[in-house]
Amino acid sequence: MKKNLVLFVLFILPIVAYLFFASGVNSFITLPTITPTIPDVNSQWTSLNGEKVTLNNKITILGFTGQDIMPNSGNFFTLNQKIYNKYREFKDFQMVFIAPNGTQQEAQTLLKELGKIANVSGYHFVFASPEAITAYHKELKLLGKLDEKTGTPNVYIIDKKRNLRGRKGKSVQGEPEYKEGYNTTSASDLHNDMMDDVKIILAEYRLALKRNNANRKI
């Protein structure tokens, strides 16, 4: 009993405190699941440089670029600055973008530009037909839809078990709150809401690691 109490004080209590203070404007200690177990990206879809891309066992920021990758490059730079640069050192953190076939050169150009200010090894692009992209997006069961170019400015947080996470319930003010994606055209949305929610996801896994290490020592 005393040993368990010591383990709680040393390992669990600091993480719980971190979750509380890191949560900022979010009223959730853990981030709710919006859509459980979304499909993995299709292994038959092409990727840049023939790399294998998967959502399994990764904390993923998932996006749908649409056909206008470079015209919307400012959104990527904002996302890079507010989110990717802050969490890219977490070894299981990645950015995955689903793009229409034919935009491979634009994706390469974007990565070249981003590479001037960041290590882009955590960025991955997969390419599919517009029909396949639309069908995949429907599997996420979201309220938001893709535009006519199979894109959206929103990006989504996917956990290691491929659950799409967001906000669902009540805010700290007691108002109903629902958030399934984060708008890359809004620096404040990324800085306030998304940064806050990614912190919670990472803290969840740190807590799990602490707990598992403690259990092994017992």
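User: Before we start, what does "contact" mean here, and what kind of model is this?
Analyst: Contact means heavy atoms within 4.5 Å. As for the structure itself, it's a predicted model.

User: Okay, so which residues does Arg-165 touch, leaving out those up to four places away in sequence?
Analyst: Arg-165 sits in strand S7, residues 164–165. Leaving out residues up to four places away in sequence, its contacts include Leu-31, Pro-32, Thr-33 and Ile-34. The rest of the list is Ile-157, Asp-159, Glu-180, Tyr-182, Ile-201 and Glu-204.

User: Is Arg-165 buried or exposed?
Analyst: Buried means under 20% relative accessible area. Arg-165 comes in at 6%, so it's buried.

User: Which side chains make polar contacts of 2.7 Å with the side chain of Arg-165?
Analyst: Two names from its contact list come back here. One polar contact, at 2.7 Å, goes to the side chain of Asp-159. Another of 2.7 Å joins Arg-165 to the side chain of Glu-204.

User: Let's move to helix H4. Why are its buried residues on the same side?
Analyst: H4 covers residues 130–139, and its buried residues include Ile-133, Tyr-136 and His-137. These three share one side of H4 because they cover an arc of only 100 degrees around the axis.

User: What lies on the other side of H4, and which strands do the buried residues pack against?
Analyst: On the other side, Glu-131 and Lys-138 are exposed. The buried residues of H4, meanwhile, pack against strands S3, S4, S5 and S6.

User: Which residues touch the most other members of the largest nonpolar core?
Analyst: That core has 33 residues. H5 gives the largest share, 8 residues. The ones touching the most other members are Ile-61, Leu-79, Phe-93, Phe-125 and Met-194.

User: What is Phe-93 in contact with, beyond its neighbours within four places in sequence?
Analyst: Setting those neighbours aside, Phe-93 is in contact with Ile-59, Ile-61, Ile-83 and Tyr-84, among others. Also on its list are Tyr-87, Arg-88 and Val-198.

User: How many residues are in the other core that lies apart?
Analyst: Among its members are Ile-38, Val-96, Ile-133 and Leu-140. Ile-133 is one of the buried residues of H4. This other core has 20 residues.

User: Now for charges. How far apart are the closest N and O atoms of Asp-193 and Arg-167?
Analyst: Side chains of opposite charge can pair when their charged atoms come close. Asp-193 in helix H5 and Arg-167 in strand S8 are 26 residues apart, so this pair links distant parts of the chain. Both count as buried, Asp-193 at 18% relative accessibility and Arg-167 at 1%. Their salt bridge has its closest N and O atoms 3.7 Å apart.

User: And which residue does Lys-179 meet in a salt bridge?
Analyst: Lys-179 is in strand S9, and its partner is in helix H5, 10 residues apart. Lys-179 counts as buried at 17% relative accessibility, and the partner counts as buried at 11%. The bridge is 2.9 Å, N to O, and the partner is Asp-189.

User: Which residues are linked in a network of salt bridges?
Analyst: The whole structure has 12 salt bridges. The network takes in both pairs above, Arg-167 with Asp-193 and Lys-179 with Asp-189. Also linked in it are Glu-177, Asp-196 and Asp-197.

Terms used
Residues are numbered from 1 along each chain as its sequence is written. This is a predicted model: local features need pLDDT of at least 70, side-chain atom pairs count only at pLDDT 80 or more; totals for chains, interfaces and linings use all residues. Side-chain values use heavy atoms; hydrogens and water are left out. Buried means under 20% relative accessible area, exposed over 50%, partly exposed in between (1.4 Å probe, protein chains only). Helices (H or I, at least four residues) and strands (E, at least two) are DSSP runs, numbered from the N terminus. The arc is that of the directions from the helix axis to the C-beta atoms. A polar contact is a pair of N or O atoms within 3.5 Å; within protein, one must be able to donate a hydrogen and the other to accept it, and residues adjacent in sequence count only if both atoms are side-chain atoms. A nonpolar core is a set of buried Ala, Val, Leu, Ile, Met, Phe, Trp, Tyr and Cys residues joined through side-chain atoms within 4.5 Å. A salt bridge is a side-chain nitrogen of Lys or Arg within 4 Å of a carboxyl oxygen of Asp or Glu.
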